[in-house]
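Reader: Could you walk me through this model, one question at a time?

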Amino acid sequence: MSAAVLDRARAAGRADERVIRAAHPLAYPALRSLRAPVLRVPGLGVVVRDATLLRGVLMDSERFTKTGPGSPSDLWTPVLGPSVLLNMEGADHAALRRRLAPLFTPATVDGLVRDGLATPLAALTARLRSGKPVDVVAEATRNASTMIAQLVGLPADHVDESLFRRVSGITSVVRLTRPRLTPAQVASARQVLAELTDHARAAYRAGDESTVPGRMRALDLGEDEAMGAVGAFVLTGTETLVSYVPRLVALLIDSGWFDRLRAEPDRLDTAIAEGLRVTTPSPVMLRSAVAEARVGTVRVRAGDRVILATFAADAALGPFDPERNPAASLKQLWFGAGAHFCLGAPLALAQVRATTSAILDAGPARIVRREAARRVLIPSYRSLVVRAA
Ligand code: HEM
């Protein structure tokens, strides 16, 4: 990499870091400043930042679970109910994943993206070509909502921008130092999700197996559990994409890779993986230790909370570089690993690919305005306006 290219890649990384700091002005610099690969931090838990150790914890679901104290089940079970994958372990978890997996095969998600997004993405390309500004955050919000609506059997116009804001209002109250929601927060989260599930209930009752609720009914899962899955998909599948698509577009333009990809479109998948490494839209994962164990040099006791700081796992790998592709060494750690590896990853990748291609197809672009979202759980732009250069 030439010095000029390296400078631009570093500047692009710093611009993305400002997005993370806006979301987590205190926790991010504090966790970033830790140097040890694993460390017990009083009041927080055992923080793991080394990629190999982090993967080791994710692969060991006998000793590190998502169901013990301080784990995601503490947060989400009161809101979503007990059976929504991300708060399950063992045979029940594996069985539910097996049944839901056909909804996320590459062929199925490519079809979903084609059916749901072909028209809006063609309009996006045309708008950029005609010289009009486009807010990539608004585009990503609408596209992610359309996809989720298709998947869970909601009418597309039901999952709109205002609903997205209310859903991110649910997650924005979550902090590492606050591992549970208050009763008032649980009540308001349940109310937002109840609005969504009104329609999903109809899909469940109709037994439409092309939707998550219909498939869960075929699985003999109760109506409430199926509604929990709807909530889980909305919570996990919208904010991550609304975070990632604009951050990737910004990284590409800031680093100069936007023009290069237009000339070398075969590198798009590598650029998407590199962007995921640098931005890590799901920056932290949580586990609860159920038995005594050792993580690197630190002894972990049953009941300890383990904070897997994925965002810091690539610290030694340098700035955004789809040519050298250091992301390959992390084997998609940004989607997790082991039993809980992101079920929606093929859908996420298909959407990112389609949206980024639609913007690239319009020709050279520049960023005319950007604003980072403040104090949200998933670091994101609040708006990122681009225009033909
Ligand atoms: C760039 C976008 C995305 C990223 C970075 C991402 C990241 C992750 C990560 C890191 C996990 C594992 C968490 C853990 O082990 O604690 C996960 C799980 C999950 N993701 Fe994603 N995700 C994305 C998009 C999506 C989408 C679009 C959907 C589907 C609609 C989705 C559905 C899920 C589900 C259901 C799980 C729970 C799986 C289980 O516990 O078995 N994700 N995701």
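Reader: Glad to have it in view. Which protein atom is the single donor to the iron atom of the ligand?

Author: This is a predicted model, where local features need pLDDT of at least 70 and side-chain atom pairs count only at pLDDT 80 or more, while totals for chains, interfaces and linings use all residues. Residues are numbered from 1 along each chain as its sequence is written, and side-chain values use heavy atoms, with hydrogens and water left out. Donors are N, O and S atoms within 2.8 Å of the metal (3.2 Å for Na, K and Ca), and water is not among the atoms, so sites may look incomplete. At 2.3 Å from the iron, the single donor from the protein is SG of Cys342.

Reader: Where is Cys342 placed?

Author: Helices (H or I, at least four residues) and strands (E, at least two) are DSSP runs, numbered from the N terminus. In those terms, α15 covers 345–361, and Cys342 sits in the loop between β8 and α15.

Reader: In what order do the five strands of the open sheet lie?

Author: Two strands pair if DSSP finds at least two bridges between them. The pairing in this sheet is mixed. β1 (38–41) and β3 (64–65) each have a single partner strand, so they stand at the edges with one side left without a neighbour in the sheet. The order is β1-β2-β8-β5-β3.

Reader: What angle does helix α3 make with β8?

Author: Helix α3 (residues 51–59) packs on this sheet and touches β1, β2, β3, β5 (285–289) and β8; contact means heavy atoms within 4.5 Å. Axes are lines fitted to C-alpha atoms, for helices over the stretch in contact, and angles run from 0 to 180 degrees between N-to-C directions. Between the directions of α3 and β8 the angle is about 130 degrees.

Reader: Which residue is the bridge partner of Val46 in β8?

Author: β2 (residues 45–48) and β8 (residues 305–308) pair in the parallel sense, over three bridges. Within β8, the partner of Val46 is Val306.

Reader: On to the open sheet of three strands: what is its order?

Author: Its pairing is antiparallel. β4 (residues 134–135) is joined to β10 (residues 381–388) over two bridges, and β9 (residues 365–372) is joined to β10 over seven. β4 and β9 stand at the edges, because each has a single partner strand. The order is therefore β4-β10-β9.

Reader: Which residue in β10 is the bridge partner of Arg370?

Author: Ala372 stands opposite Tyr381 in β10, and from the other strand Asp135 has Val385 as its bridge partner there. For Arg370, the partner in β10 is Leu384.

Reader: Are α6 and α15 roughly parallel or roughly antiparallel to each other?

Author: Helix α6 (residues 106–129) and α15 pack with their axes 8 Å apart and at an angle of about 20 degrees. Angles under 35 degrees count as roughly parallel, over 145 as roughly antiparallel, 65 to 115 as roughly perpendicular and the rest as oblique. α6 and α15 are therefore roughly parallel.

Reader: How many nonpolar residues does the contact of α6 with α15 have?

Author: The residues that meet include Leu117 and Leu121 in α6 and Ala350 and Ala354 in α15. Ala, Val, Leu, Ile, Met, Phe, Trp, Tyr, Cys and Pro count as nonpolar, Asp, Glu, Lys and Arg as charged, and the others, Gly among them, as polar. Beside three polar and three charged residues, the number of nonpolar ones in this contact is 13.

Reader: How do α4 and α9 lie to each other, parallel or oblique?

Author: Helix α4 (residues 72–80) and helix α9 (residues 183–206) have axes 9 Å apart, at an angle of about 55 degrees. Pro78, Val79 and Leu80 of α4 make the contact with Val186, Ala189, Arg190 and Leu193 of α9. With that angle, the two helices are therefore oblique.

Reader: Finally, which helix packs on the sheet by touching β9 and β10?

Author: The direction of this helix makes about 20 degrees with that of β9. The helix also packs against α12 (residues 239–255) at about 150 degrees, with the axes 8 Å apart, and the two are therefore roughly antiparallel. The helix asked for, residues 3–23, is α1.
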